[in-house]
Amino acid sequence: MIIGILIISLVAFALINVFAKKAWQTVLSLIFGAVFVGALGLIVANISNHFGMERVTETTTKKIVSSADSGANLLLYKELGDGTEKIYLYKTKESQKKPTATGTDNVTNKVESTTGAAEKVTKTTYWVYKNDHYKFWFNIADNNHEFDKRVNTFKLPKDWITLNTDQAEKLAKLSKERQSTMESEAKAYVQDGLKQAMMENPQMSQSEQEALIKKLTAAYQQEAFTKLIQEVKEK
């Protein structure tokens with residue numbers, strides 16, 4: 001609406017100023033000129049400083065799964081420039097083929113520890129008009145709900161690991177190279193653990209043995225994976 005006032009005041013000022021012969025016409029042209037300047041100033045203030053608007057923040061929470069199909073819980077990131085800025089690559093469901101990347105423009109990413117499930121908490125701030133009055137006058141180019149900034153907080157349990165994309169590639173390569181060795185070590189680890197348990201409890205049932213084997217296998221995998229991660233990070 002204020003655009004209309006701007007145009008009308010400009011046209012009126014020009015016409016009256018051209019044909020003004022009396023004092024009241026001159027005064028009227030100055031009034032329209034002042035209206036034009038005022039309207040222009042308000043438009044500039046709205047565009048540059050969000051006059052008539054205020055910030056509102058919307059929060060969304062999404063569960064996340066591992067960024068890579070490695071059998072471990074990984075959150076991947078890619079370093080930009082000198083490494084101070086990062087974009088994170090995440091998935092919200094197992095069936096997702098490619099991870100989603102966080103944005104870069106006015107986007108801040110953080111990683112925090114949690115005792116709950118892995119999730120991404122996103123706080124997005126928008127500029128909105130304070131009321132319908134301001135919206136009526138200044139909704140220029142439909143700029144209500146204009147994006148301001150976004151903060152992504154990845155909340156990860158202690159069994160999650162963050163790696164950059166280069167480290168993830170090295171990890172995949174290293175895991176493939178040592179697959180045969182790790183399978184042999186896993187078998188020996190489980191056998192030794194089961195043997196020790198059977199010595200302590202000879203009456204262990206078949207179901208108890210199966211549960212122990214499953215537990216020992218998971219323990220070895222976690223231990224072996226932790227060593228691989230440490231090796232990758234040290235390179």
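## Asparagine 46 and the chain around it

Asparagine 46 touches Phe51, Met53, Tyr129, Phe138, Ile140 and Asn143, not counting neighbours within four places in sequence; contact means heavy atoms within 4.5 Å. This is a predicted model, in which local features need pLDDT of at least 70, side-chain atom pairs count only at pLDDT 80 or more, and totals for chains, interfaces and linings use all residues. Residues are numbered from 1 along each chain as its sequence is written, and side-chain values use heavy atoms, with hydrogens and water left out.

Asparagine 46 sits in helix α2, residues 23-49. Its relative accessibility is 1%, so asparagine 46 counts as buried (under 20% relative accessible area, with exposed over 50% and partly exposed in between; 1.4 Å probe, protein chains only). Tyrosine 134 is 88 residues away from asparagine 46 along the chain, with 9.9 Å between their C-alpha atoms.

The protein chain has six helices and eight strands, which are DSSP runs (helices H or I, at least four residues; strands E, at least two), numbered from the N terminus. Their order along the sequence is α-α-β-β-β-β-β-β-α-β-β-α-α-α. The chain is more spread out than a compact globule, because its radius of gyration is well over the value that the globule rule gives for 235 residues. That radius is taken over C-alpha atoms, and the rule is 2.2 Å times the number of residues to the power 0.38.

| Quantity for the protein chain | Value |
|---|---|
| Radius of gyration | 32 Å |
| Globule rule for 235 residues | 18 Å |
| C-alpha box along the principal axes | roughly 115 × 35 × 25 Å |

Of the 235 residues, 31% count as buried.
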